[in-house]
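Student: I am new to this structure. Please give me one close look at the side chains and helix contacts, and say how each label is reached.

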Amino acid sequence: MAGIYIHIPFCKQACHYCDFHFSTQLKKKDEMLWALQEELRLRANEFQDTTVSTIYFGGGTPSVLSASEIEQLIQTAYSHYKVEESPEITLEANPDDLSSQKLTELAASPVNRLSIGVQSFFEEDLKLMNRAHSEKQAKDSLKQASQLFSNISIDLIYGIPFLDDAKWETNIKTALSYGISHISSYALTVEPRTALKKFIEKGIIPDVDDAQAEAQFQHLVTSLEQEGFLHYELSNFGKPGFFSKNNSAYWQGKSYLGIGPSAHSFSGTQRSWNIANNAKYIQGIKTGELPQEMETLSQRDRYNEYVMTGLRTMWGVSLTRVSEEFGSHFKDYLLQQAERHIAARFLFLDGDTLLVTKQGKFLSDGLAADLFMLPLKKK
């Protein structure tokens, strides 16, 4: 079982916090669509004996494409890969793209899951982040989408400057009022070379308050668990039966194929990534040569990745798996490094599994990094 990720590198405008690869110029859209289909064809041999269970359109903003353009890419995947009978096909979408007509067209297509980038239901937050949609568009899109799709996820961001706890509570309650089954929620992070970083440096807006962000995260966890959501990954909450199959496969170390500029692929032992440049990507595909770099993961790399992804999820890190896949010395090292975090009640052992406690969840990535097997210093 494996997944296909298709990166659509176009956006209407640049969000102030975003450092993903995209272009606001759509003039090369037709060339890009051809190149994406051609890459799917060129790489079909990589999944020759593999069944595809998920297709995920990310970006960028995949919803800038028409329903027919999206369907064309899906049909190309079906033509060259062994796709299971009822795959999960997710489209990331922005509310301003989801008109009634667009939603109706998407509902008639093979797309069966929407991931809608709401981020906030407050106009001032949307303007601060330079989102392309309005509060009204966010609410209208959810109202209409919920009538056509049974599997909807929305994104919310916490830790935004000026987002107080009362507004955050309103965001959560508003999201739940639409009966959605999945929420992805992230702390606002200040990435280098973004407009947000420059605004903070110039004092135009205050820096992110880490303590408030953590408090809002903990409130989100409590609120959603009370509503029957399972906190199955650090940033993801789903009702039973509505976890993201695509993302769960990433966290569980399954293979995936990344199509498009900047997209990453993983085979279990090798990781590759395409060039993050639209023109060079298209030119490379035209020559029949994949514009990508590749690395073979060492045993230590694979251990570190398993610890990182495992601790972010409700499935945790299996000591038996660590011992069987990497060796008993990795298991001994893991337990030794985890000892002080268990004493501090950030980690705990449930039989054979190492897990993060509720109070440690916000610190998951830092805890994982402390359990990594680092290269030995040269003497």
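**From an exposed lysine to packed helices**

Tutor: Start with Lys27, which is exposed because its relative accessibility is 73%, and anything over 50% counts as exposed. The model is predicted. Lys27 sits in a loop, between strand S1 (2-8) and helix H1 (29-42). Now look from Lys27 to Asp49. They are 22 residues apart in sequence. In space, their C-alpha atoms are 37 Å apart.

Next, go to the loop between strand S5 (152-158) and helix H6 (165-176), where you find Phe162. Its relative accessible area is 55%. The cut-off for exposed is over 50%, so Phe162 is exposed. Now check its backbone. Most residues other than glycine have a negative phi. Phe162 is not a glycine, yet its phi is positive, about 80°.

Follow the chain from that loop into H6. This helix packs with helix H8 (residues 210-226). Their axes are 11 Å apart and meet at an angle of about 30°. Angles under 35 degrees count as roughly parallel, so H6 is roughly parallel to H8. The crossing is right-handed. On the H6 side, the contact uses Asp165, Trp168, Glu169, Ile172 and Leu176. Facing them in H8 are Gln212, Gln216, His219, Leu220, Ser223 and Leu224.

Keep your eye on Trp168. Besides meeting H8, Trp168 belongs to an aromatic cluster with Tyr158, Phe217 and Phe362. Lys167 has a ring partner too. Its charged end sits over the ring of Phe122, 5.1 Å from the centre. A similar arrangement involves Arg321 and Tyr306: the charged end of Arg321 sits over the ring, 4.1 Å from its centre.

Now compare a second helix pair. Helix H13 (residues 328-343) packs with helix H14 (residues 364-371). Here the angle is about 135°, and the axes are 9 Å apart. An angle of about 135° falls between 115 and 145, so H13 and H14 are oblique to each other. Their crossing is right-handed. H13 brings Tyr333, Leu334, Gln337, Ala338, Arg340 and His341 to the contact. H14 brings Leu367, Asp370 and Leu371.

Turn to the aromatic rings. A pair of rings is described by the distance of the centres and the angle of the planes. Ring centres must lie within 6.5 Å to pair, and by this rule there are 14 aromatic pairs. Take Tyr256 and Phe266. Their ring centres are 6.0 Å apart, and their planes stand at 35°. That angle is neither under 30 nor over 60 degrees, so the pair is tilted. The pair links distant parts of the chain, 10 residues apart. Tyr256 is in strand S9 (residues 256-259). Phe266 is in strand S10 (residues 264-266). Both residues are buried.

Between S9 and S10 runs a loop that holds Ser262. Like Phe162, Ser262 is not a glycine but has a positive phi, in this case about 75°.

Finish with one peptide bond. Most peptide bonds are trans. The bond from Gly59 to Gly60 is cis, with omega near 25°. Gly60 lies in the loop between strand S2 (51-59) and helix H2 (67-80).

Conventions: Residues numbered from 1 in each chain as written. Predicted model: local features only at pLDDT ≥ 70, side-chain atom pairs only at ≥ 80, totals over all residues. Heavy atoms only, no water. Helix = DSSP H or I, 4+ residues; strand = E, 2+ residues; numbered from the N terminus. Buried < 20%, exposed > 50% of the residue type's maximum accessible area, 1.4 Å probe, protein only. Lys NZ or Arg CZ within 6 Å of the ring centre and 35° of its normal. Axes fitted to C-alpha atoms, helices over the stretch in contact; angles between N-to-C directions. Parallel < 35°, antiparallel > 145°, perpendicular 65-115°, else oblique. Left-handed = near helix turned anticlockwise from the far one by under 90°. Contact = heavy atoms within 4.5 Å.
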